[in-house]
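Please look through the sequence and the structure shown below before reading on. The report then takes up salt bridges, strands, helices and some backbone details in turn.

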Amino acid sequence: MKAYACYRLPKAKTFVRVEGSPMEIQSYSQIGCQSGFVVAPFAIAPHTPLLIIKPESIETHAVGEGQEPAISNAAGTLSSPNHADRMRYASNFKTFHDKLADGTFRKIVLARTAEESVNAAPETLFLTACRLYPNLFVALVCAPQCGTWITATPEILIECHNHHYHTMALAGTMTKGHHWNTKNIEEQGYVADYISDCISTFAHDISISGPHTVSAGDIVHLRTDFTFALNDGHTIGDVVGHLHPTPAVCGMPKQQTMAFIQDNECHPRLYYSGFMGPVDLCGHTNLYVSLRCMHITGDQCRLYAGGGLLNESVEEEEWGETEAKMLTMRRCLMATSIRHSDDQCE
């Protein structure tokens, strides 16, 4: 069966649509061996394979200048979280935090989901996200093996241009207008140290800048940038295999926290906190971490968001962070819902 992906690079006025046959690849080391659109899960498994959409057609289209309805921050959510969801998160938080308190983990990321109705086609939601978030990487992918996903993400896993490579440590979250606290600075430092160690195995001419504050929708993050050149005999797939999943979406130590997440989170992550993007398409290789996601099934969707926990994390604050992150996709749903209601009234 055919599959397709649409993606818009940050600040671009056009998006690319790739259509072709989705092929399962067995390991990250195979990334870069052929061109296509890569779709990776949080963890490779029989029900969540690592995919590449081999292009049979590639089209470039203008995003357009459509006016999105104004949505205030106070609009909040389409549907308020129910009591069961809130209590489930609180219970999950305790399970995760206990492993921080007893010293088993240094950091771990806890994700949650929320269910919403969908009143628009995936392509409409994708274009809405492009217009609402011009500085983010926005992608829509639809394939039989993974289903239909939309992401609007600020986090680069790795990108390459003319043999120059770039990655980032993106961690720590707060709403605009506040000041970074010790917890956020420490969390971002863990991710930066991890990425520095990973790329030093494969790279030379490493340059590091940051951390600095960057905006992503209504929230801000701390970001450190790394540029480097690959050593002879190594490929982009080698680097990806060591980087993913970074502590920004998983934890430390990596293998233990990854297994704990898979065993204890309320909902499987599937392709949330994996990565996706073009590899050697239209002159670009840009792999982004799949954050601020929605998984669409018919007229329903599941939103995903997570936050990094340290020993000093506070449950109420972490819940609020996931709500702020979910607003990225909820704004798209609200904008299309308002437009749908307006169309019905005409």
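Glu19 is partly exposed, with 31% relative accessible area. Its value falls in the middle class because buried means under 20% and exposed means over 50%. Glu19 forms a salt bridge with Arg17, and the closest N and O atoms of this pair are 3.8 Å apart. The model discussed here is predicted, and every value in this report is computed from it.

**Salt bridges**

The count of salt bridges in the model comes to 16. The table lists three of them.

| Basic residue | Acidic residue | Closest N to O |
|---|---|---|
| Arg17 | Glu19 | 3.8 Å |
| Arg112 | Glu323 | 2.9 Å |
| Arg269 | Glu265 | 2.9 Å |

Which parts of the chain does the pair Arg112 and Glu323 tie together? Arg112 forms its salt bridge with Glu323 at 2.9 Å between the closest N and O atoms. Arg112 lies in strand E5, residues 107–117, and Glu323 lies in helix H6, residues 315–345, so the pair ties together parts that are 211 residues apart in sequence. Arg112 and Glu323 are both buried.

In the third row, the side chains of Arg269 and Glu265 meet at 2.9 Å, N to O. Both Arg269 and Glu265 are buried as well.

Salt bridges can also join into a network. Here one such network links Lys107, Lys183, Glu187 and Glu318.

**Strand E6 and its partners**

Is strand E6 largely enclosed or largely open? Strand E6 covers residues 137–143, and six of its seven residues are buried, so the strand is largely enclosed by the rest of the structure.

Strand E6 pairs with strand E1, residues 3–8, in the antiparallel sense, over five bridges. Within this pairing, Cys6 stands opposite Leu140 of E6.

Strand E6 also pairs with strand E7, residues 147–153. The strands E6 and E7 run antiparallel and are joined by seven bridges. Here Cys142 stands opposite Thr148 of E7. How many residues does the hairpin between E6 and E7 use to join them? The hairpin joins E6 to E7 through three residues.

**Helices H1 and H5**

Helix H1, residues 83–101, packs against helix H5 at an angle of about 160 degrees, with the two axes 12 Å apart. An angle over 145 degrees counts as roughly antiparallel. H1 and H5 are therefore roughly antiparallel to each other. The crossing of H1 and H5 is right-handed. On the H1 side, the contact is made by Asn92, Thr95, Phe96 and Lys99. On the H5 side, Phe260, Ile261 and Asn264 make the contact.

Another residue of helix H1 is Lys94. Lys94 is exposed, with a relative accessible area of 51%. The C-alpha atoms of Lys94 and Glu315 are separated by 8.2 Å, although these residues are 221 residues apart along the chain.

**Cis peptide bonds**

Where in the chain are cis peptide bonds found? One joins His244 and Pro245, with omega about -10 degrees. Pro245 belongs to the loop between helix H4, residues 236–243, and strand E12, residues 251–252.

Another cis peptide bond joins Met252 and Pro253, with omega about 0 degrees. Pro253 is placed in the loop between E12 and helix H5, residues 254–264. Strand E12 is thus named on one side of each loop: after the loop that holds Pro245, and before the loop that holds Pro253.

**Positive phi in a loop**

Which loop holds Asn162? Asn162 is found in the loop between strand E8, residues 156–161, and strand E9, residues 164–175. Phi of Asn162 is near 50 degrees, a positive value in a residue other than glycine. Asn162 is exposed, with a relative accessible area of 58%.

His163 is also placed in the loop between E8 and E9. His163 has a positive phi of about 70 degrees, although it is not a glycine. Is His163 buried or exposed? At 64% relative accessibility, His163 counts as exposed, because the cut-off for that class is over 50%.

Methods. Residues numbered from 1 in each chain as written. Predicted model: local features only at pLDDT ≥ 70, side-chain atom pairs only at ≥ 80, totals over all residues. Heavy atoms only, no water. Buried < 20%, exposed > 50% of the residue type's maximum accessible area, 1.4 Å probe, protein only. Helix = DSSP H or I, 4+ residues; strand = E, 2+ residues; numbered from the N terminus. Pairing = 2+ DSSP bridges. Salt bridge = Lys/Arg side-chain N within 4 Å of Asp/Glu carboxyl O. Axes fitted to C-alpha atoms, helices over the stretch in contact; angles between N-to-C directions. Parallel < 35°, antiparallel > 145°, perpendicular 65-115°, else oblique. Left-handed = near helix turned anticlockwise from the far one by under 90°. Contact = heavy atoms within 4.5 Å.
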